[in-house]
Amino acid sequence: MASAADGDVGEALEQMRGLWPGVEDLSLNKLATSLGASEQALRLVISIFLGYPLALFYRHYLFYKDSYLIHLFHALTGLSIAYFNFGHHFYHSLLCIVLQFLILRLMGRTVTAIFTTLCFQMAYLLAGYYYTATGDYDIKWTMPHCVLTLKLIGLCIDYYDGGKDMNSLSPEQQKYALRGVPSLLEVAGFSYFYGAFLVGPQFSMNHYLKLVQGQLTDRPGKTPNSTIPALKRLSLGLVYLVGYTLLSPHITENYLLTEDYDHHPFWFRCMYMLIWGKFVLYKYVTCWLVTEGVCILSGLGFNGIENGNAKWDACANMKVWLFETTPRFTGTIASFNINTNAWVARYIFKRLKFLGSKELSQGLSLLFLALWHGLHSGYLICFQMEFLIVIVEKQAAKLIQESPTLSSLAAITALQPFYYLVQQTIHWLFMGYSMTAFCLFTWDKWLKVYRSVYFLGHVFFFSLLFILPYVHKAMVPRKEKLKKRE
């Protein structure tokens, strides 16, 4: 469907054709087609990079200015970006922000407010998924809305914590607890901040207010000295963008569904899945690195001074070196979409401590993440695999650590490169296996691909899940077990 913005641009071009022949060639749709992308994707990319001139404007003209001007600037620029990308559908975000403000004011710092917020914001998001979902990945208003949903839920919980005795809160909760009562303009500025509205990262209202108050700078009284750190993240993001642009026509998830893929040998199908699984994540890495640069440039990325050096990783969503080198699934999880994972740990996993089971809390947290991503069955399968793989990986690490035979073998220096290669192969093969369901969405598609590789991931990890405890019992001496108990 064409958006209102599309209609306005089309009308303007129609009027200009008589004055400037060939001006229609400047349309975003034709430009996107020439680049081999969709118009929605091009609008998204333009909007993400637009954060840099907006951050520069903020630094030069609004830093240390009145708070209401900064909130207004953030709200209006964010609304403009929403309209540019989604036309009149920008009202979805505006409606949820206004209603969230009313929930805070009318219900106050209560459990009722948290329950209402959680139910309303998640129900609105899931309803959006239900009415707009297709069998493919579409860039629609629900994409930034999932980011907004977490922001508003986190805001409500922090507001609730702000009414408690500080001594009753954990150090982390004290850091994020919101003591003041936010105005509608503050909530709008926080929600629409141009550097994070579309694809994240997540940050707290307290951190945002520090930005507005001019506290997020390594040079008190002056704008932050963050240009070089921002350009470094931008440059790294551009490297991933170029890599993804060059490879995307040749390595696609659609090929997994073709007869040609099915007719190749089993080893080829596995290797293609491995390479695709690594490469498909680059589009997310690109977006997060570019937006992190915007946050750093504005000052939002400032994370204090350590050993005399400023840290700019407050909004880091990627640990690139760890992502590229870790041979473990837990390492990839720790390096990828960091702020969202931290949000879930802070507001879901740790709040479920009363259940008395880390595994149950982790399982429910992953279920929340799956639903937050969408209603497609592929999301549930992907996060189910993540849960299974993490459990098995912990069992394997424990076995190697406690078994004298295996720990001795693992310590052989000459074999380290071989171990690393085997781990990386297993790591990215089954990462690609999990991402297959995530990217193909519907059960008929991911089931077809899983059948083509004989459900290798499920067979491998479910087998290990049941076998490893017996191997541990056989290979770990009784005295080691008794020592551990003591």
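Biologist: Which residues form that nonpolar patch on the surface?
Modeller: The members are Y130, Y131, F354, L355, L360, L364, L367, L371, L375 and L380, sharing about 1000 Å² of accessible area (Shrake-Rupley, 1.4 Å probe, only the protein chains shown count as cover). Patch residues have over 30% relative accessible area and no salt bridge, with nonpolar side chains (Val, Leu, Ile, Met, Phe, Trp, Tyr) joined within 5 Å. Mind that this is a predicted model, where local features need pLDDT of at least 70 and side-chain atom pairs pLDDT 80 or more, while totals for chains, interfaces and linings use all residues. Numbering runs from 1 along each chain as its sequence is written, and side-chain values use heavy atoms, without hydrogens or water.

Biologist: Which helix gives the largest share of the patch?
Modeller: α18, with four residues. L371 is found in that helix. Both α6 (111-132) and α18 (358-373) supply at least two patch residues each. Helices here are DSSP runs (H or I, at least four residues), numbered from the N terminus.

Biologist: OK, packing. At what angle do α3 and α11 pack?
Modeller: About 175 degrees, with the axes of α3 (residues 39-62) and α11 (residues 227-247) 12 Å apart. So α3 is roughly antiparallel to α11 (over 145 degrees). Axes are fitted to C-alpha atoms over the stretch in contact, and angles run from 0 to 180 degrees between N-to-C directions.

Biologist: Which residues meet there?
Modeller: From α3 you get F49, Y52 and R59, and from α11 T227, A230, L234, L238 and L241 (heavy atoms within 4.5 Å). That contact splits into six nonpolar, one polar and one charged; for this split Ala, Cys and Pro also count as nonpolar, Asp, Glu, Lys and Arg as charged, and the others, Gly among them, as polar.

Biologist: And how do α19 and α22 cross?
Modeller: At roughly 45 degrees, with the axes of α19 (residues 377-402) and α22 (residues 443-452) coming within 8 Å. That makes the pair oblique. S377, G378 and I381 of α19 touch W443, W446 and Y450 of α22.

Biologist: Switching topic: how many salt bridges?
Modeller: Eight, counting a Lys or Arg side-chain nitrogen within 4 Å of an Asp or Glu carboxyl oxygen. One of them pairs E39 with R43 at 2.9 Å, N to O. Those two sit four residues apart in α3, about one turn of the helix.

Biologist: Where's the cis peptide bond?
Modeller: Between G200 and P201, with omega about 10 degrees. P201 lies in the loop between α9 (184-192) and α10 (205-212).

Biologist: And what's the phi of Y64?
Modeller: Positive, about 70 degrees, although Y64 isn't a glycine. Y64 is in the loop between α3 and α4 (67-86). Most residues other than glycine have a negative phi.

Key. Parallel < 35°, antiparallel > 145°, perpendicular 65-115°, else oblique. Patch = residues over 30% accessible without salt bridge, like charges linked within 9 Å, V, L, I, M, F, W, Y side chains within 5 Å.
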